[in-house]
Amino acid sequence: MGEGSSSVQLIDGDGFFNKLGLDGLTKAVGLAECGLSYAVVSIMGPQSSGKSTLLNQLFYTNFREMDAYAGRSQTTKGIWLAHCSGIEPCTLVMDLEGTDGRERGEDDTAFEKQSALFALAVSDIVLINMWCHDLGREQAANKPLLKTVFQVMLRLFTPRKTTLLFVIRDKTKTPFENLERLLREDIQKIWNSVPKPEAHKETPLSDFFVVEVVALPSFETREEEFKEQVSSLRQRFFHSIAPGGLAGDRRGVVPSSGFSFSIQQIWKVIKENKDLDLPAHKIMVATVRCEEIANEKLGSFTADESWLELEESVQNGHVSGFGKKLSSILSFWLSRYDEEAVFFDDGVRAAKRQQLESKLLQISHPAYQVTLSHLRARTLDDFKEAFEKLLNKGEGFALASTECTKLFMSKFDEGCAEAAIEQANWESSKTREKLKRDIDGHVTAVRVSKLSELTASYEAKLNEALAEPVESLLDAAGDDTWPAIRRLLQRETSNAIKEFSSALVGFNLESEAQEQLCLGLEQYARNIVESKAKEEAARVLIRMKDRFSTLFSRDSDSMPRVWTGREDIRAITKTARSASMKLLSVMAAIRLDDSADNIEKTLSLALIDSAGNTTNTAEKSIVSLDPLASSSWERVPSTRTLITPVQCKSLWRQFKAETEYTVTQAMAAQDAHRRSNNWLPPPWAIIAMVVLGFNEFMTLLRNPLYLGVLFVAFLLAKALWVQLDIAGEFSNGALPGILSISTKLLPTVMNLLKKLAEEAQQPAAPPPTELRARPQGNATARSSVASSETSSSLTSPDTSYEHTSPRYD
């Protein structure tokens, strides 16, 4: 026999359960790893019937045995537990306190029933130790024991089938078959005599027990034979839980990891004298143990480095293959739970597994949500980049947005499928809807931006096509000004809207929205014209003065007028003012609608015609009505009015005041020119000079020298006349002409003398070939040539001469 394994007192004689001792034993033998591969064997029998000796011989345990020399007395108190060495599967054996002991007296029946019920509820095999000579006796010790066993067995609600192995000790010469038959008859009689619940009145013994009978010789007289038969019996305990093995029905077996808790609860219920419901107890044990296992795996999951690393990575950014990684981690811990809880009740195990899975998913779900958030953000960024590239390549907006949206929503769905885990069907629809809203919002924003850019470009084109031409047309201000502006506006607006509508086709807008954009562009073009008209209306006074100045100061050939005295200044002034009034009437209102008005007629009547002196009383009364004494034009709404009648009257008054000086200056210039051209003396003075100066004239004819002197004086006077520009000086008046000539006379004379001196110092040029070839003429001809040259030199103006700064050499 091998070395006996240590034993612990599971329940002491007073009924106290030794939890620490049980935990130490189960850990020492590694019971928790056995699952369902373990068996529990217990032994019952009268006190001092050799139960401990049999167990030690059969299972190599070291239970305390009775000392025969000390006398027959109680050896085992309470219930002891030990591990059976060398037997597979793992087998635990319990040695129960013997029955019918004198130490307990009449009070032993309570503990006897409690320990018997405990053994039947816990054990797979129950050994009942009996003396051979007690068989067949009515009052022998075995009958109370069997009655106790059967009575407590019926207290179990739906108990499992237990193997009762009757060990007949100290077998006599009676054949074993007779002993077995006699024993079975006694067992049946006892079973029939035991009061049963209504549900089990007709239940046969075989539904509760598998009865086995063995017989052993006396240990004291035939020890060797006893050991041989015990060794043979030991072999039956190998693989006792296998099909056909010694163990009975194992439907109610508790997995090894819950064994300690299970037997504690069973003893607690027995001590409280309650009916022991084994299925309910099984559920309770499974519930407790599965919950413990689930909590343990949950704690292990939260401390798992792989999970912590994955969770940290998810917080920092998108993790590729998140679903597979998380599924693998969850599967690992769920499989560990399944491995440890596999032998517990299926319903409890599944429920606790579901709870564990739910808690695991609850812990890991935030990481999944963060992953979806990263996926959504990355998909949105990629969509924006791709969408912008397509638009930059010239792709149509509607087509680009549709293709990009479809592509990246598909990519998001693929990412969601990659992030999904096997253990849950987490919804990604909300994140998908948010992504779709974000994409639609971005598309809408880009559409608005692109439409704004497109609209701005066409507005710029319209501004370029309308602003300057309208300004030019308003500057011309004729009868055809507003019709020309309307034609220009209609033509440019029509062309722009046509091109704009073609460009809008790519945006796939609704007809109503497209129409609104076109109407907006049309209104913008109209606003350009109106704005330009308002600008020009604000400068109408300047325009009127410019037009008056142009028409008054220049002739029909655009040449500056010279007021010689033959011009009709009054008619010119009236024409220029009429043109300015025409400009004012054109600028008084916006005429983009083809509707007639009487603004020009009213202005002409009030400003031009009323300027003449009217002698007719009726006409005076009409003029006195003053059609410009109003703040609005007839048949012209205020929204189209640029200059009100009252403002026109005020502007005309200011215009006349500021142009009056120009007319006055023209009249003064005309008078000055007329006076400057009347320098010859009257005819009678000329006749008197001829009559009275006849003698002097004849004298000059008789003396040519005087004639030369006069000729030289004439040349000098002519040179001074040209140099001083006497006619031009006196054109501005007599006094200004005299003052100007007086300041320039001396410098001019000095300049003439200087030129004469320079001419005298120059060497005489050789005569031309023609002159040398000719015969010498008379002196008069040569003198004539020299005089002509001198006159030309003197009368030519000196460009180096400065009127304002005379120099004196």
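Modeller: Before we start, a bit of vocabulary: buried means under 20% relative accessible area, exposed over 50%, and partly exposed in between, with a 1.4 Å probe and protein chains only. This is a predicted model, where local features need pLDDT of at least 70, side-chain atom pairs count only at pLDDT 80 or more, and totals for chains, interfaces and linings use all residues. Residues are numbered from 1 along each chain as its sequence is written, and side-chain values use heavy atoms, with hydrogens and water left out.

Colleague: OK, why is lysine 582 called buried or exposed, whichever it is?

Modeller: Lysine 582 has 13% relative accessibility, and the limit for buried is under 20%, so lysine 582 counts as buried.

Colleague: What makes lysine 582 and glutamate 600 a salt bridge?

Modeller: The rule asks for a side-chain nitrogen of Lys or Arg within 4 Å of a carboxyl oxygen of Asp or Glu. Here the N to O distance is 2.6 Å, so the pair qualifies. The two residues are 18 apart and link distant parts of the chain: lysine 582 sits in helix α17 (residues 569–587), glutamate 600 in helix α18 (residues 599–608). Helices are DSSP runs (H or I, at least four residues), numbered from the N terminus.

Colleague: And how do you know whether glutamate 600 is buried or partly exposed?

Modeller: Glutamate 600 comes out at 33%, so it counts as partly exposed.

Colleague: Which residues do shared partners join into one network?

Modeller: Glu471, Asp475, Lys532, Glu535, Glu536, Arg539 and Arg543. By the salt bridge rule, the count comes to 33.

Colleague: What makes lysine 19 and aspartate 23 a pair?

Modeller: Their closest N and O atoms are 2.9 Å apart, which is within the cut-off, so the pair is a salt bridge. Both lie in helix α1 (residues 19–29), four residues apart, about one turn of the helix. Lysine 19, at 41%, counts as partly exposed, whereas aspartate 23, at 18%, counts as buried.

Colleague: Why is the Phe711 patch called nonpolar?

Modeller: Nonpolar patches join side chains of Val, Leu, Ile, Met, Phe, Trp or Tyr within 5 Å, from residues with over 30% relative accessible area and no salt bridge (like charges are joined within 9 Å). Areas come from the Shrake-Rupley method with a 1.4 Å probe; for residues, only the protein chains shown count as cover. This patch, about 700 Å², is made by Phe711, Val712, Phe714, Leu716, Leu746, Met750, Leu753 and Leu756, so the residue types fit the rule. The elements giving two or more residues are α23 (704–724) and α25 (734–761).
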